[in-house]
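Work through these exercises with the sequence and the model side by side. Try each task before you read its solution.

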Amino acid sequence: MITLHKIDLHRRLCIKKDLNELSSWHNVLESLSIELDHLSAIEKQLIKINSVSNEILALRRKNVMLMANLCKYDQELKREFEYGKTEYDINRLKVHEQKRESYIVLVEHFNTFKNQYYTLLKRFKRN
């Protein structure tokens, strides 16, 4: 027989796992933000192409929006961890999977952009 105590322990364990994963996402997104700052500085000094600058701004906006969304989600999880009684079920898992998918899409978009950016930088040669 499954007791309420075991259900609560499982709920807390799953939420803690989600919080840990969320923390790693935040770290990656903060690093991405710093890297975008560096890419923007290089673009302004060397590349000077508006479309590249616009893409950096678009990525920065998406990053900020996702970070805000994940911060709100982080608060919800912490509140649920401390005070909630809702069982960790398939619906909660689906919400977390949607957050993960949003994160992955942004990171993949950034990596694609970064590869194109570095390809563009190869055109420049030192005199």
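## Exercise 1: A residue between two helices

Lys48 sits in the loop that joins helix H1 (4-47) to helix H2 (50-83). Helices here are DSSP runs (H or I, at least four residues), strands are runs of E with at least two, and both are numbered from the N terminus. The model is predicted: local features need pLDDT of at least 70, side-chain atom pairs count only at pLDDT 80 or more, and totals for chains, interfaces and linings use all residues. Residues are numbered from 1 along each chain as its sequence is written, and side-chain values use heavy atoms, with hydrogens and water left out.

**Task.** Find the sign of phi at Lys48, and decide whether Lys48 is buried or exposed.

**Solution.**
- Step 1. Most residues other than glycine have a negative phi.
- Step 2. Lys48 is not a glycine, yet its phi is positive, about 55°.
- Step 3. Take the cut-offs: buried is under 20% relative accessible area, exposed is over 50%, and partly exposed lies in between (1.4 Å probe, protein chains only).
- Step 4. Lys48 is exposed because its relative accessible area is 60%.

## Exercise 2: The helix before the loop

**Task.** Compare the reach of H1 with the span expected for it.

**Solution.**
- Step 1. The expected span of a helix is 1.5 Å times one less than its number of residues.
- Step 2. H1 has 44 residues, and 64 Å is expected.
- Step 3. From first C-alpha to last, H1 reaches 61 Å, which is close to that value.

## Exercise 3: Pairs of opposite charge

**Task.** Which residue forms a salt bridge with Asp8? Which ones pair with Arg100?

**Solution.**
- Step 1. Side chains of opposite charge can pair when their charged atoms come close.
- Step 2. The rule for a salt bridge is a side-chain nitrogen of Lys or Arg within 4 Å of a carboxyl oxygen of Asp or Glu. By this rule there are 10 salt bridges.
- Step 3. Asp8 pairs with Arg12, at 3.3 Å from N to O. The two are four residues apart in helix H1, so about one helical turn separates them.
- Step 4. Check their exposure. Asp8 is partly exposed at 22% relative accessibility, and Arg12 is partly exposed at 26%.
- Step 5. Widen the view. Asp8, Arg11, Arg12, Glu80 and Arg92 are linked in a network of salt bridges.
- Step 6. Turn to Arg100. Its closest N and O atoms with Glu97 are 2.3 Å apart. Both residues lie in helix H3, three residues apart, about one turn of the helix.
- Step 7. Arg100 also forms a salt bridge with Glu21, at 2.7 Å between the closest N and O atoms. This pair links distant parts of the chain: Arg100 is in helix H3 and Glu21 in helix H1, 79 residues apart.

## Exercise 4: Inside the fold

**Task.** Which elements give two or more residues to the largest nonpolar core? What does Asp18 touch?

**Solution.**
- Step 1. A nonpolar core is a set of buried Ala, Val, Leu, Ile, Met, Phe, Trp, Tyr and Cys residues joined through side-chain atoms within 4.5 Å.
- Step 2. The largest one has 27 residues, and those with the most contacts inside it are Leu29, Val52, Ile56, Phe113 and Tyr117.
- Step 3. H1, H2 and H3 each give two or more residues to this core. H1 gives the most, with 10 residues.
- Step 4. Contact means heavy atoms within 4.5 Å. Leaving out residues up to four places away in sequence, Leu29 touches Asn63, Leu66, Met67, Leu70, Tyr103 and Leu106.
- Step 5. Asp18 lies in helix H1. With a relative accessible area of 0%, Asp18 is buried.
- Step 6. With the same residues left out, Asp18 touches Tyr73, Leu77, Tyr88 and His96.

## Exercise 5: Distances along and across

**Task.** How far is the C-alpha atom of Asp18 from that of Glu108?

**Solution.**
- Step 1. Along the chain, Asp18 and Glu108 are 90 residues apart.
- Step 2. In space, their C-alpha atoms are separated by 21 Å.
- Step 3. Try another pair: Arg61 and Glu43 are 18 residues apart along the chain, with 17 Å between their C-alpha atoms.
- Step 4. Arg61 is in helix H2 and counts as exposed, at 53% relative accessibility.
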